[in-house]
Amino acid sequence: MQMAIRNVLLLLALVSLCNGLEIADRWNILNPERRAPLLGGTSLKNYCESWRMNVELNNIRGFEVVPQECISYIGKYMTSTQYKTDSQRAIEQCHLHLTSCCTLKGDGKDAWIFDVDDTLLSTVPYFKIHSFGGEKLNVTSLEAWMRKTKAPALEHTLKLFHEIRGEGIKIFLISSRRECVRDATVDNLIKEGYHGWSGLTLRCVLLLPSS
């Protein structure tokens, strides 16, 4: 579930890093032992929103499960129009950067890197049936789901992907997925419309190229 929560607002999270650090200090949210006093002074919704944002900012690391009191909140967010809107805003910022950062010569020397899970392909359908991270991640179960190649594309990212390709920029993909799901990952990507990328790195092994 870390993948799903972290990636959706990566760009926006970087922009608001300082604010996030301030929130983390104010709520003392990095210390699980302080959770009870925290809930006594604010609403559960505010606590869960702060927890989610601090995960995205990478202030909270290495957690195994979503706090039980926040499962419902995380589930509602991940399936809401707000999640889609946040994703769209992040992609718009990427597009703005692409059009203003530099002059592209189309000489094949420019490159763009995409993560796979919850950047190109959504794992929300899997976590929807596994308590939205409220259950400890079962890698065997997750990889079995990945082999079904049913992860849907994120609509706005797919559009950005093809805009970048249209500019003559080489696209490289990275993922924490293991080599045992490489074929399924490639099939899923191509089936959802991600084709023409130049390389896919899964746990230090490189595949070149896609069709």
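# Briefing: helices, cores and loops of a predicted chain

In helix α5, the buried residues are Tyr47, Cys48, Ser50, Trp51, Arg52, Asn54, Val55 and Glu56. The model is predicted. Its mean pLDDT is 80, and 77% of the residues reach 70 or more. The secondary structure comes to 11 helices and four strands. Of the 211 residues, 43% count as buried.

**Confidence**

- Among the elements, helix α11 (residues 182-191) has the highest mean pLDDT, at 97.
- Helix α2 (residues 10-15) has the lowest, at 37.
- The pLDDT stays below 50 over residues 8-34. Beyond near neighbours in sequence, that stretch still has 43 contacts in the model.
- Where pLDDT is low, predicted coordinates should not be read in detail.

**Helix α5 and the loop after it**

- Helix α5 covers residues 44-56, which is 13 residues. At 1.5 Å a residue it should span 18 Å, and its end C-alpha atoms are 18 Å apart, so the two values agree.
- Trp51, one of the buried residues of α5, also belongs to a nonpolar core of 17 residues.
- Asn58 comes just after α5, in the loop between α5 and α6.
- Phi of Asn58 is near 65 degrees, a positive value in a residue other than glycine. Most residues other than glycine have a negative phi.
- Asn58 counts as partly exposed because its relative accessible area is 31%.

**Helix α6**

- Lys76 sits in helix α6 (residues 71-78).
- Its relative accessibility is 60%, so Lys76 counts as exposed.
- Lys76 and Lys128 are 52 residues apart in sequence. Their C-alpha atoms are 10.0 Å apart in space.

**Helix α7**

- Helix α7 (residues 81-100) has 20 residues. From first C-alpha to last it reaches 29 Å, close to the 28 Å expected at 1.5 Å a residue.
- Tyr83, Asp86, Ser87, Ala90, Ile91, Cys94 and Leu98 are buried in α7.
- These buried residues lie on the same side of α7 because they cover an arc of only 130 degrees around the axis.
- Thr81, Thr99 and Ser100 are exposed on the other side of α7.
- Ser80 caps the N-terminal end of α7. A side-chain oxygen of Ser80 lies 3.2 Å from the backbone nitrogen of Gln82.

**Nonpolar cores**

- The largest nonpolar core has 27 residues. Phe114, Ile164, Leu173, Leu189 and Trp197 touch the most other members.
- Each of these elements supplies at least two residues of this core: α7, β1 (111-115), α8 (124-128), α9 (139-146), α10 (155-166), β2 (170-175), α11 and β3 (199-202).
- A second, separate core has 17 residues, including Trp51, Val66, Tyr73 and Tyr83.
- In soluble globular proteins, nonpolar side chains tend to be buried together.
- Not counting residues up to four places away in sequence, Phe114 touches Thr119, Leu120, Thr157, Leu160, Phe161, Ile164, Ile171, Phe172, Leu173 and Ile174.
- Leu189 is in helix α11. At 0% relative accessibility, Leu189 counts as buried.
- Leu189 touches Val116, Leu120, Leu121, Leu173, Tyr194 and Trp197, again leaving out residues up to four places away in sequence.
- The C-alpha atoms of Leu189 and Thr149 are separated by 8.3 Å, and these residues are 40 apart along the chain.

**Loop between β1 and α8**

- Asp118 lies in the loop between β1 and α8. Ser122 is found in the loop between β1 and α8 too.
- Asp118 has a relative accessible area of 2%, so it counts as buried.
- Asp118 has a positive phi of about 65 degrees although it is not a glycine.
- Ser122 is buried, with a relative accessible area of 9%.
- The side chain of Ser122 reaches the backbone nitrogen of Val124 at 3.1 Å.
- Ser122 touches Trp145, Ala151, Pro152 and Leu154, not counting residues up to four places away in sequence.

**Contacts across the chain**

- Take the contacts between residues at least 6 apart in sequence: 74% of them join residues at least 24 apart.

Terms used:
Residues are numbered from 1 along each chain as its sequence is written. Side-chain values use heavy atoms; hydrogens and water are left out. pLDDT is the predictor's confidence in each residue, from 0 to 100. Contact means heavy atoms within 4.5 Å. The expected span of a helix is 1.5 Å times one less than its number of residues. Buried means under 20% relative accessible area, exposed over 50%, partly exposed in between (1.4 Å probe, protein chains only). The arc is that of the directions from the helix axis to the C-beta atoms. A polar contact is a pair of N or O atoms within 3.5 Å; within protein, one must be able to donate a hydrogen and the other to accept it, and residues adjacent in sequence count only if both atoms are side-chain atoms. A nonpolar core is a set of buried Ala, Val, Leu, Ile, Met, Phe, Trp, Tyr and Cys residues joined through side-chain atoms within 4.5 Å.
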